[in-house]
Amino acid sequence: MAIIFDKQTSTFYLEGKSYTYAFFINGRGYAEHLYFGNKIGRDPLFFSRLCDGAKSFAAYTSDKNGKSYSYNSLKAEITFFGNSDYREPTVCVEAENGDRLTELLYSSHTILKEKPQISAMPSLDGGETLVLTLEDKIGGLAADLYYTVYEDTDVIARRIVYRNIGQKKLKLDRAYSFCLPIVGHDYDVLTLRGSWARERTPQYTPVHIGVCSIDSKRSSSSAVLNPFMALCEKGTTENHGEVFGVSLVYSSSFVLKAEAVENGVLNILGGINDFGFSWTLDVGCELESPEAVIAYSAEGLGGMSRAFHDAFRDHLINKRFVKKSRPVVINNWEGTYFNFDNEKLKAIASAVANTGIDTFVLDDGWFGKRNDDRSGLGDWFVNTEKLEGGLKAIIDHVHSLGMRFGLWFEPEMISEDSEIFRAHPDYAIGVPGRERCYSRYQYMMDITRPDVRDYIVESVTRVLRENEIDYVKWDYNRNVTEFYSLSLPADRQGEFSHRYALGLYELCERIVEANPKVFFEGCSGGGSRFDPAMLKYFSQIWTSDDSDAEERTRIQYGTSIVYPLSSMSCHVSVTPNHQTGREAPMKTRADIAHLGATGYELDTSAFNDEDRVLVKAQIDEYKEMESLVLEGDLYRLLNPFDGEFFAFMLVSKDKSRAEMTIYRRMGRPNESILPVKPLGLDSKKQYYVPELGVIVSGSTLMNVGIIPKLPKEDFVSYKLHFEEK
Ligand code: DGJ
């Protein structure tokens, strides 16, 4: 049992692998937070309350015994605006008479053995779940607070369902997923910022009185700020310090906030971005907020990352694929861009047959009249002028080589120069009378509309039905502008961005889930929509359009803060690199790309026998260690944002095998290279390290460290293996 209710004290104890989360229902009926941290006994915790009674200059309410409560001074499971609370509200609601006050009081609770899935949105599976129902009887609003606890991981999943229980319409102006109070202000806020080709760079901001906030207003989670925030105790390192991390299972406009308030409490809250948002809640109707996955770590950032990785691998990503050996692809994009024909594609595939590359992925340019990025999106039928004999000719060839076939789509997009746009210009998002913005010369389909979704599902599914396709890369290369749907009435346009997410998830259900044998990879001009909701459908996501190994050390490092290595699609590309012009040895490019779901993306038709032998050896080595990428624990040893080195250590769950990859940016003459200390090994086990030719204990290895043998070159890598003896 992970959730315990103590009737005598009205206290809920929620117990994960190594944390306790506790709150109680106080005399007024408020859900008052008590504790979240390292696992503790199920003791009464009232002594830990920050405030019992009203403080001076605080507004207060009282219970039936006359005891007063200043909500503003309490640690609250949900904040709301109206009586004595001046903090950032978790929910804002307006009644028909203009009443914008809210007071949510305990009504009931149930403890469920298994979490009910959110009906229209992806979420983690399983887990014992507490549903706490709070009601504002005067306002006619109920809030069901969901808490899901996993005994095998250090995350707690939270969300809130808002219901209209009154007799009149309500308008929600804010409907966040959770509120979590932490005690103390000695924290730094960690977020992941970036842009196209520079995704997920860690960024720290000190907490200050007021609000630290990150968001997206793009109807996409975006590369600019990932839907993730962590509160790190001052001085936190990779392996030490208390960290509270939040990752939203959401792909549209979001907001995450950390508000430090006067009494020393730090509230973390967020969910759907309330900028430009409003949602009409008719009588008897409800709005489900997206799930927030909250990780707790007393072992620094590394502990938080491992908690997220385990939770996403065990409870979110498709069980059919998540821990199975991944396709090793050859993708033609950087090899040809739009400039290909059947013969070129066949040559690229043939050149790598029998090397271990097992899937040929035909990227953008195979459909409609698409010879550059100005046309064809939405016309999901083959460009027979370019591909004589249709897709069948190339698919048959790829299959004859014993390889699988993958195909690129961008289902949410529409080109002005396309048959579908000429027939249905209204399918494109836009406001009547206003010019539409282009981005990469394309518009976006209004997938809030059921008829548009039907068109997409039918046209994409027809291609999948009529051809033997084993793999799909689902791309998304721009963000929404002109937020408006022709199908929504004027007073519901504020629902657009959330409805975009709901439309996207429905598309994924009808295309991805309806084709269970096809392996789907997500993409958004690289990693611009890398979020847990997308991972539910896409077991891996193209991490970045920047395939340069040096850049990738940073991008993969930042991405690994939240996401498991197996979710990152990483390719070996040509040198000099197309994005940076930088030259890096083939070994380095492979060593870095092999720290994820690996593949190759270059014109292999130029390969000679030596290249083929090299690629085969690289893939053999990758396959040997692939289980560590799929299931192992990640220890980040050296941070490429802090110096010239990058190092990752992958350790099997039973600690019998491990692999360390070390990379150095620039070499320097007469350099002192310090030992790199492995982490995560069993100190009592003996390990054989083939590269050193020694058998040594885990304790010795982790304390003494290993000096990497790096050649005199820039951008070089070195690998070490550890096998239990
Ligand atoms: C952006 C993706 O990230 C690339 O890998 C490639 O698929 C292009 N789109 C194709 O247009």
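Hi everyone, let me start with a cysteine. C92 is partly exposed, with a relative accessible area of 23%. Please keep in mind throughout that this is a predicted model.

Does C92 have a bonding partner, or is it on its own? The closest cysteine sulfur belongs to C179 and lies 12 Å from the sulfur of C92, so the two are too far apart for a bond. Now compare C570, which is buried, with a relative accessible area of 0%. For C570 the closest cysteine sulfur is in C523, at 13 Å, and that is again too far for a bond. In fact, searching the whole structure turns up 0 disulfides.

Let's move on to the strands, beginning with β25, residues 404-409. Of its 6 residues, 5 are buried, so β25 is largely enclosed by the rest of the structure. Which strands pair with it? One is β24, residues 359-362, which runs parallel to β25 and is joined to it by 4 bridges. If you want to find that pairing on the screen, look for T359, which stands opposite R404 in β25. To get from β24 to β25 the chain passes through helix α4, residues 390-400, and this β-α-β crossover is right-handed. The other is β28, residues 471-474, also paired with β25 in the parallel sense, over 4 bridges. There, F409 has W474 of β28 as its bridge partner.

That brings me to the nonpolar cores. As a reminder, in soluble globular proteins nonpolar side chains tend to be buried together. Here the largest nonpolar core has 182 residues, and F360 and W366 are the ones with the most contacts inside it. Helix α7, residues 496-513, gives this core its largest share, 9 residues. What does F360 touch? Leaving aside residues up to four places away in sequence, its contacts include I330, L345, I348, I394, V398 and F405. R404, which we just met opposite T359, is also one of the residues that F360 touches. Apart from this core lies another, of 22 residues, among them L637, M649, L681 and Y687.

Now to my last stop, an open sheet. Its 6 strands come in the order β33-β34-β35-β38-β36-β37, with antiparallel pairing. The edges are β33, 633-638, and β37, 694-697, each of which pairs on one side only. On average, neighbouring strands of this sheet are turned by 25° against each other, direction ignored.

Let's walk across part of it. β33 and β34 run antiparallel and are joined by 5 bridges, and L634 stands opposite L650 in β34. Packed on the sheet is helix α10, residues 586-593, which touches β34, β35 and β38 and whose direction makes about 50° with that of β38.

Next, β34, residues 645-651, is joined to β35 by 7 bridges, with the two running antiparallel. Here F646 stands opposite Y663 in β35. The hairpin of β34 and β35 has 5 residues between the strands, and in it K655 takes a positive phi near 60°.

Is β35 enclosed or open to the outside? It spans residues 657-664, and 7 of its 8 residues are buried, so β35 is largely enclosed by the rest of the structure. Its pairing with β38, residues 716-724, is antiparallel and has 8 bridges. M660 stands opposite L720 in β38.

That's my tour. Thanks for listening, and I'm happy to go back to any part of it.

Note on methods: Residues are numbered from 1 along each chain as its sequence is written. This is a predicted model: local features need pLDDT of at least 70, side-chain atom pairs count only at pLDDT 80 or more; totals for chains, interfaces and linings use all residues. Side-chain values use heavy atoms; hydrogens and water are left out. Buried means under 20% relative accessible area, exposed over 50%, partly exposed in between (1.4 Å probe, protein chains only). Two strands pair if DSSP finds at least two bridges between them. Axes are lines fitted to C-alpha atoms, for helices over the stretch in contact, and angles run from 0 to 180 degrees between N-to-C directions. Contact means heavy atoms within 4.5 Å. A disulfide is a pair of cysteine sulfur atoms within 2.5 Å. A crossover is right-handed if, with the strands pointing away from the viewer, the path from the first strand over the helix to the second runs clockwise. A nonpolar core is a set of buried Ala, Val, Leu, Ile, Met, Phe, Trp, Tyr and Cys residues joined through side-chain atoms within 4.5 Å.
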